[in-house]
Amino acid sequence: MRLRSTCGSLLLLLMLPGWLLAQTTGENTFSIKGTLLDEQNKPIPYGNIILFQDSDSSLVRGTNSDEAGRFNLAAKPGDYFLKITMISYQEKIIPDVRVVNQDLQMGTLRLKPGTTLLGEVVVQGEKSQMELQLDKRVFNVGTDLSNIGGNAAEILDNVPSVSVDVEGNVSLRGSQNVRILVDGRPSGLTGISSPDALRQLQGNLIEKIEVITNPSSRYDAEGEVGIINIILKKEKSDGITGSFTATMGHPANYGGSFDINYRKKKVNLFSSYGINYRSRPGSGSSYQAFNRSDTVFSYTEVSRRNRGGLSHNFRVGMDYYLNERNILTGSVLYRRSDGRNTSQFQYEDFDRYGELVGVTLRDEREREPENNTEAAISFRREFQQEGRAFTADFKWIESDEDELSTFREGDPAGTGSLRQRSSNTEDERNLLFQADYVHPFGERGKWEAGVKTTARVLQNDFLVEQQEGDEGWTVLPAFDNNLIYRENIHAAYLMGGSQFDKFSLQAGLRGEFSDITTELPEVNQVNRRRYFNLFPSAHLSYELNKLQSLQLSYSYRLSRPGFRELLPFSGYSNARSLMTGNPDLNPEYTHSMEGGYLMNWGSGSLLSSAYYRYRTGVIQRITIVDSVGFSRMYPVNLATENAYGLEFNLSSTLQSWWNLNANFNFYRAITEGFHQDRLLESDTYTWTSRVTSKMTFFRQLNFQAGLNYRGPRQIPQGRELAMYAIDLGLSKDVLKDKGTLTLSVQDLLNTRKRRVVIEEEGYYATSTFQWSARQVLLTFNYRLNRSKKEVRGREGIEENEPDN
């Protein structure tokens with residue numbers, strides 16, 4: 001009861017400022033409604049509809065059409081004109097739009113296909129970065145200058161609610177238990193177990209990012225806080241279109257990419273390729289002190305790292321239109337990377353009196369080759385009834401990754417040298433089949449059903465050998481492991497939804513049967529788990545008026561342990577501080593509830609959310625330190641957690657040349673559990689924020705400044721300190737708007753560092769780690785048969801077509 005009261009109070013608090021503001025922005029407003037269709041009477045989703053004052057051509061507001069092509073613009077009485085733009089269609093202008101004292105129905109507006117494409121439409125006052133749908137938010141990558149020339153990990157770090165830490169781990173609303181998909185499906189592009197995979201996917205190949213905080217039943221139940229879906233670029237326009245990008249930067253970052261599309265009659269061919277060479281210097285330091293009854297000593301550690309190498313991404317595919325209602329699509333994707341990494345560690349040991357007793361140096365040289373191959377084929381049938389469709393997808397993934405390292409350890413004088421080498425092989429095979437059917441009913445209702453099955457096998461072979469003096473190599477038995485992980489997931493779902501006046505309702509139920517086996521052949525240990533779960537979901541929205549709406553949602557989800565969390569050993573770079581896995585981990589389960597309030601006004605929008613999550617079987621990393629100061633971190637199903645928070649997403653045009661986007665997320669997480677009869681608990685309050693200011697000078701020069709901040713937080717054995725970073729970007733169109741030059745600086749002040757403090761009885765540690773130093777990038781993009789335009793006036797006015 002207390003929880004419901006608290007959440008209700010928070011939601012009212014979120015809505016109050018919006019309602020007050022709406023008293024001045026929502027008076028005497030009416031709706032301009034219509035539907036965008038193409039020449040085949042098919043709806044055009046996500047078209048840009050912009051409203052201008054007829055007297056001075058000043059921009060009033062803009063919106064996007066929904067999946068059915070419908071749009072709804074709020075306007076006060078007056079004389080206007082509409083401008084409609086959409087990639088692969090001719091621009092359309094509707095003159096003499098007069099709003100009197102009632103809603104205005106524009107009827108059906110048809111767009112003609114165009115040979116010259118709009119690569120990006122920049123509209124002052126339009127909320128172009130984020131599109132809000134019933135169960136997800138869509139972020140357009142190209143509207144953020146700091147994304148240009150970056151990789152997938154850096155782009156995700158710029159998405160509101162999402163953060164990527166210095167080690168490359170992705171979090172959504174403070175939790176790393178998030179499912180990452182590519183084009184709505186699992187992909188080896190996100191990596192088998194290493195977060196480096198996202199850093200090797202070039203951002204120029206990405207079109208948009210979908211963030212789904214409370215996924216409906218059509219999506220996998222995997223992911224405690226939701227799903228992040230990376231959509232790759234693919235055009236479907238007549239003729240040849242494409243774009244070419246070249247990047248250079250410091251520290252070393254050189255690359256190039258292209259995406260080409262060719263469409264003629266029944267065939268649409270698409271391809272993309274990216275090559276990149278990077279060298280990312282990083283560093284870290286730590287201090288550890290031990291004060292126990294049997295031992296008192298301390299040591300410091302200073303490390304320097306450089307991670308980089310050459311990577312390639314290649315994708316080719318074809319859409320074949322069997323007829324106007326049946327489409328067959330096939331594609332192949334290949335990624336090859338050849339990592340070259342180095343690490344240097346220096347340890348200084350001190351006795352109980354603080355006197356230096358020894359210095360140890362440890363060097364690592366690592367090769368990290370990786371291959372990822374994917375093949376996909378899909379079929380889509382659209383029936384005569386609008387919105388009725390059947391789709392079937394098949395996907396095959398094969399990935400292999402090796403981490404081959406050599407180590408040398410000794411004192412500064414070179415005496416007592418110790419040589420070691422390790423090999424860590426990770427292979428994945430993945431088969432996926434999925435079929436979905438959507439059937440509309442009534443005027444605004446639909447139900448859908450689907451089935452999905454995945455078969456996944458991952459194998460890891462880890463080995464460490466040691467050589468002393470001139471003797472041969474000997475295996476270290478404690479670091480000789482082989483893991484085989486088999487996962488078969490079979491799922492089916494049924495869901496339905498409809499709109500009733502101002503209400504929209506969607507509810508569904510998903511069933512998943514999991515058959516998972518973890519095997520350690522060398523010790524003859526097999527752990528098999530079979531379980532069946534039902535996962536309900538529900539989404540409700542209510543339109544308060546033309547400018548304001550409410551959303552409520554609920555979902556039940558699970559998070560299976562990741563591959564890296566199951567590995568007995570996954571790295572040996574720092575022999576004094578090992579991160580290991582636990583093959584006996586069980587999944588986490590989460591109940592998630594969320595309430596949102598969306599308010600629009602003439603120059604912007606505000607989305608406020610209050611959310612709550614209850615988790616069981618929470619996986620936490622425990623640090624164990626032995627008597628000589630060597631530590632080991634490993635995960636266990638430790639606790640239960642109650643987490644709740646508030647989130648705000650603001651987009652506003654302050655002036656015709658100045659746009660502001662801001663995100664603020666505050667949450668509290670209460671974690672409590674027992675490990676080895678010891679209570680481990682934390683009650684943390686923290687917040688994250690991102691503010692982006694975009695300005696246009698002289699109508700040609702675009703400047704952007706962004707600030708990322710993550711507040712301090714408590715963890716079960718200590719605390720993480722605050723972290724912030726500033727990003728800058730400057731761009732200018734050249735070559736008659738066919739090209740764009742962009743200069744950007746990521747982490748201007750070199751402050752994106754992870755800082756941790758651990759305090760326990762008899763043990764104290766502090767550490768600082770920076771994965772990658774400040775980076776400066778210069779990027780050039782050239783568009784073939786695409787233009788980048790900014791809506792300014794009303795040239796080329798075209799007469800409106802009558803409704804059918």
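**Exercise 1. An open sheet**

Task: In what order do the 3 strands of the open sheet that contains β1 stand, and which of them stand at the edges?

Solution: Start with the strand order in this predicted model. The 3 strands run β4-β1-β7 in an open sheet, and their pairing is mixed. Next, look for strands with a single partner. Both β4 (70-75) and β7 (104-110) fit that description, so each has one side without a neighbour in the sheet and stands at an edge. As for the twist, neighbouring strands here are turned by 20° against each other on average, with direction ignored.

**Exercise 2. One pair within that sheet**

Task: In which sense do β1 and β7 pair, and over how many bridges?

Solution: Recall first that strands of a sheet pair through backbone hydrogen bonds, either parallel or antiparallel. For β1 (residues 30-37) and β7, the sense is parallel, and the pairing extends over 5 bridges. If you would like a spot to zoom in on, try Lys 33, which stands opposite Gln 105 in β7.

**Exercise 3. Gln 775**

Task: Is Gln 775 buried or exposed, and which side chain does its own side chain meet in a polar contact?

Solution: First, place the residue: Gln 775 belongs to strand β42, which covers residues 775-784. Second, check its relative accessible area. The value is 4%, and buried means under 20%, so Gln 775 is buried. Third, turn to the side chain, which makes a polar contact with the side chain of Arg 278 at 3.1 Å. Finally, list the surroundings. Not counting residues up to four places away in sequence, Gln 775 touches Arg 278 as well as Glu 154, His 250, Pro 251, Asn 253, Ser 744, Val 745 and Gln 746.

**Exercise 4. Arg 419**

Task: How far apart are the C-alpha atoms of Arg 419 and Gln 467, and how does Arg 419 count in terms of accessibility?

Solution: Begin with the strand, since Arg 419 is found in β23 (residues 418-441). Along the chain, Arg 419 and Gln 467 are 48 residues apart, yet their C-alpha atoms are separated by 5.2 Å. Gln 467 also appears among the contacts of Arg 419 beyond four places in sequence, which include Phe 407, Glu 465 and Trp 473 too. The relative accessibility of Arg 419 is 35%, so this residue counts as partly exposed.

**Exercise 5. The whole chain**

Task: How many helices and strands does the protein chain have, and what share of its residues counts as buried?

Solution: The count gives 4 helices and 43 strands. Of the 804 residues, 53% count as buried. To finish, take the accessible surface: it comes to about 35,100 Å², with 54% belonging to carbon and sulfur atoms.

Key:
Residues are numbered from 1 along each chain as its sequence is written. This is a predicted model: local features need pLDDT of at least 70, side-chain atom pairs count only at pLDDT 80 or more; totals for chains, interfaces and linings use all residues. Side-chain values use heavy atoms; hydrogens and water are left out. Helices (H or I, at least four residues) and strands (E, at least two) are DSSP runs, numbered from the N terminus. Buried means under 20% relative accessible area, exposed over 50%, partly exposed in between (1.4 Å probe, protein chains only). A polar contact is a pair of N or O atoms within 3.5 Å; within protein, one must be able to donate a hydrogen and the other to accept it, and residues adjacent in sequence count only if both atoms are side-chain atoms. Contact means heavy atoms within 4.5 Å. Two strands pair if DSSP finds at least two bridges between them. Axes are lines fitted to C-alpha atoms, for helices over the stretch in contact, and angles run from 0 to 180 degrees between N-to-C directions. Accessible areas come from the Shrake-Rupley method with a 1.4 Å probe; for residues, only the protein chains shown count as cover.
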